Structure formats: C-alpha cells, structure tokens
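This report describes the fold of one protein chain and the packing of selected side chains. The sequence and the model are shown first.

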Amino acid sequence: MGTKVFVGNLDFRTSPDQVREFFSQAGQIQDVFFPTDRDTGRSRGFAFVTFNTEAEAADAIARFNGQQLDGRPLRVNAAEERPERGGGFGARGGGGGGGDRFGGGGKSKGSRRNIRAKKRML
C-alpha cells in the first residue's frame, strides 16, 4: 500500500480545504489533489489525499470509509496507480471489435484531416 488514498462520493460543493481538515485527523497530509471539470471548473466528486506515512493512510481508510462528509457517505480506499495510456499520435488502438484501418474502434473525433483522408480512400 502507498501513502495516497482515493476519496470518492464527495459532494460537489465540498472544498479542498474541507477535505484537508477532515482527513488531517488521521495524520499529516502532504497533498490534496482535487480534480475539477475542465469545462465548468466544478469539482468532479473525488479527491486524492497523500499522507506522510503508510500507517497514516491505512488509518484514514479504516477511520473514514463510510463516514459522512457534507451529508454523503465517503468511499475511501488505497489509490491505485494509473495504468499507462501510451500517448502519442495514433495511440488509439482498435480496442475490441469493429476497428478500422485508421486505428479507431472507439468514437472518432472526426478531425478535418481524417475525414478528408477517408474520403480520398473511398
């Protein structure tokens, strides 16, 4: 286990300062990462709290999982490492069936260049 915990089911009005204050009961906090929606700037309803030690993180999970904050029961567990996304051009694999030769099984963003290239190929 690491020193970072995932905090889910946060109320959209809950602030990073409230999260920091609430979780500081379990130990010293290094960081609170509070992602926001890039379009609206509103909270996405979850956060990551990084503690100084693994023992403090384990205490926070045991102490706060299911506890109420702003009227909502929190989901608190060990944060998992984010899987590699493999960036770069053409990184969208044909995940699953139905992929075409342009590398997309998923929904295409439909850039003009791709649309023109597809039309030329027809």
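Is D70 buried, partly exposed or exposed? D70 counts as partly exposed, because its relative accessibility is 39%, and partly exposed covers the range between under 20% and over 50%. This value, like every other in the report, is computed from a predicted model.

**Backbone at two loop positions**

D70 belongs to the loop between β4 (68–69) and β5 (72–73). Its phi is near 55°, a positive value in a residue other than glycine. A second such residue is N9, which is not a glycine and has a positive phi of about 70°. N9 is found in the loop that links β1 (4–8) and α1 (16–23), and it counts as partly exposed because its relative accessibility is 30%. Such values deserve mention because most residues other than glycine have a negative phi.

| Residue | Loop | Phi |
|---|---|---|
| N9 | between β1 (4–8) and α1 (16–23) | about 70° |
| D70 | between β4 (68–69) and β5 (72–73) | near 55° |

**Overall fold**

Three helices and six strands make up the secondary structure of the protein, and along the sequence they follow the pattern β-α-β-β-α-β-β-β-α. Of the 122 residues, 26% count as buried. The protein exposes about 8900 Å², of which carbon and sulfur atoms supply 47%. Among contacts with a separation of 6 or more, 58% involve residues 24 or more positions apart.

**The sheet and its helices**

Four strands form an open sheet in the order β2-β3-β1-β6, with antiparallel pairing. Its edge strands are β2 (29–33) and β6 (75–78), each of which pairs on one side only. On average, neighbouring strands of this sheet are turned by 20° against each other, direction ignored. Strand β2 and strand β3 (residues 46–51) run antiparallel and are joined by four bridges; within this pairing, F33 has F48 in β3 as its bridge partner.

Helix α1 packs on the sheet, where it touches β1, β2, β3 and β6, and its direction makes about 145° with that of β2. Helix α2 (residues 54–64) lies across β1, β3 and β6 and runs at about 150° to β6.

**Surroundings of V76**

V76 is placed in strand β6 and counts as buried because its relative accessibility is 2%, under the 20% cut-off. Leaving aside residues up to four places away in sequence, V76 touches V5, F6, V7, F23, A60, I61, F64 and N65. The C-alpha atoms of V76 and R63 are 9.1 Å apart, and the two residues are 13 apart in sequence.

**Aromatic rings and charges**

The structure holds seven aromatic pairs. One of them joins F22 and F23 in an edge-to-face arrangement, with 5.5 Å centre to centre and 75° between the planes. F22 counts as buried because its relative accessibility is 15%, and F23 is buried because its relative accessible area is 0%. One aromatic cluster is formed by F6, F33, F46 and F48.

Which residue lies over the face of F48? K4 does, at 5.9 Å from the ring centre. In another such arrangement, R42 lies over the face of F12, at 4.1 Å from the ring centre.

Notes. Residues are numbered from 1 along each chain as its sequence is written. This is a predicted model: local features need pLDDT of at least 70, side-chain atom pairs count only at pLDDT 80 or more; totals for chains, interfaces and linings use all residues. Side-chain values use heavy atoms; hydrogens and water are left out. Buried means under 20% relative accessible area, exposed over 50%, partly exposed in between (1.4 Å probe, protein chains only). Contact means heavy atoms within 4.5 Å. Accessible areas come from the Shrake-Rupley method with a 1.4 Å probe; for residues, only the protein chains shown count as cover. Two strands pair if DSSP finds at least two bridges between them. Axes are lines fitted to C-alpha atoms, for helices over the stretch in contact, and angles run from 0 to 180 degrees between N-to-C directions. Rings of Phe, Tyr and Trp (its six-membered ring) pair if their centres lie within 6.5 Å; planes under 30 degrees apart count as stacked, over 60 as edge-to-face and the rest as tilted. A charge sits over a ring if NZ of Lys or CZ of Arg is within 6 Å of the ring centre and within 35 degrees of the ring normal.
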